[in-house]
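Trainee: Please pick one part of this model and go over it closely. I would like to know how it is put together, and then how the rest of the chain is held to itself.

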Amino acid sequence: MKFLCQILAALLLWFFIACNNRSVTSQSKADSESRGVVVQPEQTDEDMAPPPAPKAVTLSKITPPRIVKDEEVKEEETPAQFNTEDYDHIVENRFLAATQNPLSTFSIDVDEAAYSNVRCYINNGSIPPAGAVRIEEMINYFDYTYPQPQNDEPFTVNTELSECPWSPEHRLVHIGLQGKEIPVQNLPNANIVFLIDVSGSMDEANKLPLVRSSMKLLADQLRPDDKVAIVVYAGNAGLVLPATSGSNKTAIKEAIDQLEAGGSTAGGEGIQLAYKVARENFIKGGNNRIILATDGDFNVGASSDDELVSMIEKERQSGIFLSVLGYGMGNYKDNKMQQLAGKGNGNHSYIDNISEARKVLVTEFGSTLFTIAKDVKIQIEFNPAKVQAYRLIGYENRVMAAEDFNDDKKGAGELGSGHTVTALYEVIPAGVKNDFIGKVDELKYQPAKSMTAIAGGDELMTIKLRYKKPDGDVSKLIVHPVTDSHLALANTSDNFRFSAAVASFGMLLRNSEFKQNASYQQVVQLAKGAKGSDTNGYRQEFINLVQAAGSLTVKK
């Protein structure tokens, strides 16, 4: 009897435990489902059967996973469609009274980045931001037919004067410089360092892959006595290819092909290493240059504008020039690129496709990479008897103080072999009514300036230029007076009318307060009549671009 009681007690205990476990399992499942967690059902024999055999995989097609460093996470988490492009705000040059401001001083600009960037925006169906529209770079994107120098000076000075297309009662002054074209075989030997951004932000089709293609185009232009090194930077900087003869194009291209993107962007460290490599291979009397290819997104180490500018201003004293090639959209740091190229005695181009790379690095090989005159400054003195007011079109970030013109310590722009530089002034003749300049009270402590020109005769203005030889420290002076003329717009050169069309287009894109009677239709008409030979089709492309921009404006 006692044994039977023990059995019954054991059965009751087992029953109690089983019921309790079932209750706990049900509650756990309910809790899991309430948090969104799926509880898998118990597996049956069928579920336990082995899975079907996988299909054969070709090992060569497997891409190993890339290890992501901690510093990469922040950059890679940024959505690709998030636009972080940076452009400096441009305050347009205003009309200045010739009596109170007789001198206008600026540095030449051979950069072309703005035009190809603007083209990229319009071809993608949008009007560019105003800060991206630098009118002087749009004008200087195109070649103009000026006469070559016939003496020892590195360039000629050419002027033309006519009515202003968008304001016929005003005058437009066209100033053109033509650099001496030196045959490629006669150019000095080159010591070039490719400085290539391989950070994570460059991992897009229009960035590093386009950089590789661009660099290979340039490699094909190198001569046996030229030498090239390749420095890259991401989380840190490194030397990929030591200085190599231009005759060994295979080794250069193989090094370029091996470049892959990933990591953060230690641009400052890369620039320091590039200058070090360039100094170690310096060619006295040669072309010593760093070519930086990047989207400008520096975020590790020396990355602020002040730090980078200070570094480059110090390094350029060694006689090494810095050219900047910009790539990509959505993350492009245009303002930083402008400063780096300007302070590095170089030029800035924006590469949006392989055709643009060919234009900059093949067609314009000499003008892009070989400097024939540096620190080129222009100073205009206007005759107040002829000129009531004037306005420099564009060049806002190149304007200099009048005193800087004679100061050889103040740097300015560089002119390359065969390069042309064009600048335009809109002039309000004396006696023409206008709303652009206000009245100023008469001075209390000095007499008002006389409106009578002193020994000015029929001169409208005088152009003065200063420049240095590429390896020089003392500037030379050129003086070029401009007499008043009354040439009809229809009788002007293609140079005059086409540059005026580009300037007018820039003002329309910026919605400038000085655009006056300008219109897209007028720009097209003016440009069509000034196409000239247009060997490379750049001017026809411009006409198509203006028509596309006009359509986008109408849609708005």
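Mentor: A contact means heavy atoms within 4.5 Å. Among the contacts in the protein chain with a separation of 6 or more, 80% are between residues 24 or more positions apart. The model is a predicted one, in which local features need pLDDT of at least 70 and side-chain atom pairs pLDDT 80 or more, while totals for chains, interfaces and linings use all residues. Numbering starts from 1 along each chain as its sequence is written, and side-chain values use heavy atoms, with hydrogens and water left out.

The protein chain has 14 helices and 16 strands; these are DSSP runs, helices being H or I of at least four residues and strands E of at least two, numbered from the N terminus. Of its 556 residues, 50% count as buried, that is, under 20% relative accessible area with a 1.4 Å probe on protein chains only; exposed is over 50%, and partly exposed is in between.

The part I would look at is strand S4, residues 167–179. Buried or exposed, how do the residues of S4 mostly fall? The strand is mostly covered, with 11 of its 13 residues buried. S4 belongs to an open sheet of five strands, and the order across this sheet is S1-S12-S14-S4-S3. The pairing is antiparallel, where two strands pair if DSSP finds at least two bridges between them.

In that order S4 stands between S14 and S3. Take the S3 side to begin with. S3 covers residues 155–164 and is joined to S4 by 10 bridges in the antiparallel sense. With two residues between them, S3 and S4 form a hairpin. One place to find this pairing in the model is glutamate 160, which stands opposite histidine 174 in S4.

On the other side is S14, residues 420–429, which runs antiparallel to S4 and is joined to it by eight bridges. Two positions along S4 show this pairing. Isoleucine 175 stands opposite alanine 423 in S14, and leucine 177 has valine 421 of S14 as its bridge partner. At the ends of the sheet are S1 and S3, each of which has a single partner strand, so one side of each is left without a neighbour in the sheet.

The loop between H2 and S1 leads up to one of those edge strands, and aspartate 86 has its place there. Aspartate 86 is partly exposed, at a relative accessible area of 33%. What does aspartate 86 touch, leaving aside residues up to four places away in sequence? The residues are Tyr332, Lys333, Asp334 and Asn335. Lysine 333 is 247 residues from aspartate 86 along the chain, yet their C-alpha atoms are separated by 4.8 Å.

Glutamate 92 offers a side-chain link of the same loop. It forms a salt bridge with arginine 510, in which the closest N and O atoms are 3.9 Å apart; the term covers a side-chain nitrogen of Lys or Arg within 4 Å of a carboxyl oxygen of Asp or Glu. Glutamate 92 lies in the loop between helix H2 (70–76) and strand S1 (96–97), and arginine 510 in helix H12 (residues 494–510), so the pair ties together parts that are 418 residues apart in sequence. Glutamate 92 counts as buried at 13% relative accessibility, and arginine 510 also counts as buried, at 14%.

The whole structure has 25 salt bridges. Another of them joins aspartate 375 to lysine 468, with 3.0 Å between the closest N and O atoms. Here aspartate 375 is in strand S11 and lysine 468 in strand S15, distant parts of the chain 93 residues apart. Both aspartate 375 and lysine 468 are buried.

Aspartate 226 pairs in this way with arginine 223, the closest N and O atoms being 3.0 Å apart. Aspartate 226 is buried with a relative accessible area of 1%, and arginine 223 is buried with 15%. Salt bridges also link Arg119, Asp352, Glu356 and Glu541 in a network.

To return to the strand we began with: S4 has S3 as its hairpin partner, and eight bridges join S4 to S14 on its other side.
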